[in-house]
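User: I'm new to this one and would like a close look at the place where the ligand sits. Could you walk me through it, and then point out a few residues elsewhere that deserve a look?

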Amino acid sequence: MTYQSFNPATGKLLKTFDDLTDAQLETKLAAAAACFETWRHTPYAERAVIIEKAAMLVHDRVEELARTMTLEMGKRIDEARGEVEFSAQILSYYAKNAERFLADTDLNPTTGEGHMESSPIGVVFGVEPWNFPYYQLARVAGPHLMAGNTLVIKHAGCVPQCAIAFEKLLLDAGAPVGLYTNLLISHAQSDRVVDDPRIKGVALTGSVAAGRSIAARAGQNLKPSSMELGGSDAFIVLEDADMEHTIKWAVWGRMYNTGQTCCAAKRFIVVETLADTFIAKFQAALGALKAGDPLDEKTTLGPLSSESALTDILKQVDVAVTHGAKVLIGGKRVDRPGSYMQPTILTDVKPGNPAFRDEFFGPVAMIFRVKDEEEAIALANDSDFGLGGSVFTKDVARGKRVASRIDTGMMFINNISWSDAELPFGGIKNSGYGRELGDMGIQAFVNKKLVRYVVADAPF
Ligand code: NAP
């Protein structure tokens with residue numbers, strides 16, 4: 001059984017769901033393909049009515065949706081509400097801007113005239129992770145539905161109730177059957193969906209392993225894909241950083257969503273002259289977080305998303321220690337029911353330690369001391385990942401220079417405001433390829449067609 005909903009704050013099983021039978025899956029794929037034939041010709045203004053209505057319903061249902069998320073994957077309730085509201089903004093943003101983003105663009109050939117048209121390609125298959133159970137769905141639904149495609153989505157096994165709630169709100173917003181379809185399917189069925197000729201594109205957000213598997217499958221089928229994968233973002237603190245400001249972002253950047261964010265700050269690279277002060281303040285701030293019920297607004301440390309997420313990261317810490325890392329604080333589960341982990345700081349992580357190259361998807365910060373800016377840049381770039389990163393300095397021009405030299409898809413100066421509806425999101429190297437959100441996000445699964453008109457006779 002792929003879909004089980006557990007409350008990670010208590011370990012209690014909430015609900016289980018059967019996978020679709022192959023016959024049910026076939027019915028849903030057929031509906032998505034049939035819906036495409038009318039939706040592709042539906043004017044933008046009519047598409048926008050449904051997507052804008054969906055945005056409104058997300059906003060209206062914020063409490064219900066946030067509570068479902070908190071119960072199912074443990075996100076602290078105030079963060080859950082924030083995610084729900086942000087999901088509404090993303091849907092609304094594409095309802096308002098899709099037509100402009102996909103308008104014909106004129107070209108200037110030396111003879112005649114030409115333009116580019118953007119048209120939808122068909123049914124797109126999305127595979128999504130549990131760490132942002134609605135935001136991830138909004139990030140594909142907003143652009144790709146407004147572009148005129150239809151969507152079938154496989155959500156993560158641990159958040160079936162969020163997956164079902166999102167599908168329902170689109171239907172409640174007036175979406176025709178087949179426009180947006182949640183698929184409760186196994187990995188083997190997912191492979192068959194990628195192979196299915198009615199599927200014209202594949203968008204995955206998830207781990208590197210899932211990316212390799214699904215991108216390979218999409219490649220075999222010559223289907224376009226976008227891959228939003230993991231990260232191990234550097235958080236660079238230069239000697240002229242404003243310490244109080246920096247520490248607040250360091251705590252937020254590592255601990256938001258209990259550290260389970262692809263573009264969280266994971267490697268803290270601090271110039272030697274500030275390192276002792278930074279470590280003392282960071283350690284004190286992390287040590288002050290209190291584990292509690294994620295439904296309680298006063299809780300500052302929520303559980304990890306599942307028991308297996310907790311045991312996996314505890315094992316990763318053990319492996320890091322076996323290879324020479326030192327645990328400055330934490331490193332263990334919190335002594336209470338539920339899947340809670342102590343905020344953890346690792347130091348002395350050297351090249352050759354698996355932790356040096358791995359992603360810690362939870363509340364584990366690695367701190368590295370460096371001599372100067374040059375060494376900070378070199379260390380930040382010594383990573384298999386290339387999602388985001390940040391640099392803290394009072395000199396903004398210097399921050400921009402450093403940002404330009406880091407090999408990632410996103411860089412932030414004196415903040416880590418990761419995501420806005422209008423800003424492209426994505427990475428390079430093992431963090432994947434393609435961009436979601438912004439204008440770029442809607443271009444991923446459209447046919448960019450050249451139309452040329454020339455008054456000319458054929459050469460022969
Ligand atoms: P995951 O195990 O890769 O799962 C992500 C999704 O892929 C789930 O729906 C999962 O389904 C599915 N999946 C995994 N292997 C599959 C396979 N062989 N065939 C078909 N489906 C498969 O990742 P996760 O642990 O849930 O999420 C955390 C990872 O996602 C982290 O590495 C994080 O950095 C990354 N992430 C990246 C971004 C970004 O925008 N770059 C955003 C959020 C998260 P099941 O649950 O059924 O296995």
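Analyst: Here is a walk through the ligand site, followed by some stops elsewhere in the chain. One thing to keep in mind from the start: this is a predicted model.

Let's begin with the ligand. It sits in the largest pocket. Several elements each give two or more residues to the shell around the ligand: helix H5 (135-146), helix H7 (187-195), strand S8 (199-205) and helix H8 (208-220). Of these, H8 supplies the largest share of the shell, with 3 residues. Counting everything, 29 residues surround the ligand, and the closest are Glu128, Trp130, Ser207, Leu229 and Glu359.

Now for the polar side of things. Glu128 has a backbone N or O atom 2.7 Å from an oxygen atom of the ligand. Gly157 also takes part through its backbone, where a polar atom is 2.8 Å from a ligand oxygen. With Arg139 the side chain is involved: one of its N or O atoms is 2.8 Å from an oxygen atom of the ligand. How much of the ligand does the protein bury? Taken alone, the ligand exposes 900 Å², and the protein buries 85% of that.

Just past the end of H8, have a look at Leu222, which belongs to the loop between H8 and strand S9 (225-228). Leu222 has a relative accessible area of 78%, so it counts as exposed. Its backbone is worth a glance too: phi is positive, about 55 degrees, although Leu222 is not a glycine. For background, most residues other than glycine have a negative phi.

Asp348 is another residue with a positive phi, near 60 degrees, and it is not a glycine either. You'll find Asp348 in the loop between S13 and helix H12 (354-357). At 31% relative accessibility, Asp348 falls between the 20% and 50% cut-offs, so it is partly exposed. The side chain of Asp348 makes a polar contact of 2.8 Å with the side chain of Thr347. Thr347 itself is in strand S13 (residues 344-347). Because its relative accessibility is 13%, Thr347 counts as buried. Leaving out residues up to four places away in sequence, Thr347 touches Ala325, Lys326, Leu328 and Ile367.

Next comes a lysine that is tucked away. Lys75 is in the loop between helix H3 (62-73) and helix H4 (77-101). Is it buried or exposed? Its relative accessible area is 1%, so Lys75 is buried. Its side chain has polar partners: there is a 2.5 Å polar contact with the side chain of Glu83, and the backbone oxygen of Asn131 is reached at 2.8 Å. Beyond its neighbours up to four places away in sequence, Lys75 touches a list of residues that includes Met69, Thr70, Phe132, Pro133, Asn257 and Pro294.

The last stop is Met410, in the loop between helix H14 (396-404) and strand S17 (412-413). With 6% relative accessibility, Met410 counts as buried. Setting aside neighbours within four places in sequence, Met410 is in contact with Cys263, Leu387, Gly388, Gly389, Pro424, Phe425 and Gly426. If you'd like a distance to check on screen, try Met410 and Ser390: they are 20 residues apart in sequence, and their C-alpha atoms are 8.5 Å apart in space.

Notes:
Residues numbered from 1 in each chain as written. Predicted model: local features only at pLDDT ≥ 70, side-chain atom pairs only at ≥ 80, totals over all residues. Heavy atoms only, no water. Helix = DSSP H or I, 4+ residues; strand = E, 2+ residues; numbered from the N terminus. Buried < 20%, exposed > 50% of the residue type's maximum accessible area, 1.4 Å probe, protein only. Polar contact = N/O pair within 3.5 Å; in protein donor to acceptor, adjacent residues only side chain to side chain. Contact = heavy atoms within 4.5 Å. Near = heavy atom within 4 Å. Areas by Shrake-Rupley, 256 points an atom, 1.4 Å probe, with all protein chains shown as cover. 1 Å grid on protein atoms, 1.4 Å probe; cavity = no way out; pocket = protein on both sides within 12 Å on 5 of 7 lines; lining within 4 Å. Sits in = over half its atoms within 2 Å of the grid points.
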